[in-house]
Amino acid sequence: MTSDWKLIGCGFVIASIGAVATMLYIVGISGLYVGRYAAGVIALSCAGVLALIFHRYLGRFLDTLDLRAGNAGDDDEPNP
């Protein structure tokens with residue numbers, strides 16, 4: 001697998017982790033709202049763990065993309 005495809009695959013995995021964390025958060029809040037406390041707490045706990053994993057790997061992934069693009073630290077251009 002080439003480096004480009006590996007980056008694309010990593011991006012999809014990280015995005016999937018974030019999406020699942022968001023879905024579990026919604027299910028957890030809904031479970032607490034309707035009185036299914038055990039299911040709600042379990043879903044919220046899993047969502048929290050996945051959100052931490054997402055947050056950890058997203059920063060690394062974006063840094064890798066910046067380095068690959070060659071503009072890491074070159075924020076001298078004004079934003080339109």
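# Two helices and an exposed phenylalanine

Me: In this predicted model, how much area does the protein expose, and what share of it do carbon and sulfur atoms supply?
Reply: Local features need pLDDT of at least 70 and side-chain atom pairs count only at pLDDT 80 or more, while totals for chains, interfaces and linings use all residues. Residues are numbered from 1 along each chain as its sequence is written, and side-chain values use heavy atoms, without hydrogens and water. Accessible area comes from the Shrake-Rupley method with a 1.4 Å probe, only the protein chains shown counting as cover for residues. The protein exposes about 6,300 Å², and the share from carbon and sulfur atoms is 66%.

Me: How many helices and strands are there in the protein?
Reply: Helices (H or I, at least four residues) and strands (E, at least two) are DSSP runs, numbered from the N terminus. By this count the protein has two helices and zero strands.

Me: Which helix is included in what covers the buried residues of H1?
Reply: Buried means under 20% relative accessible area, exposed over 50%, and partly exposed in between (1.4 Å probe, protein chains only). In H1, the buried residues are Leu7, Gly11, Ile14, Gly18, Ala21, Gly28 and Gly31. Their cover, judged by contact (heavy atoms within 4.5 Å), includes helix H2 (37-69).

Me: Is phenylalanine 12 buried or exposed?
Reply: Phenylalanine 12 lies in helix H1, which runs over residues 3-34. With a relative accessible area of 59%, phenylalanine 12 is exposed.
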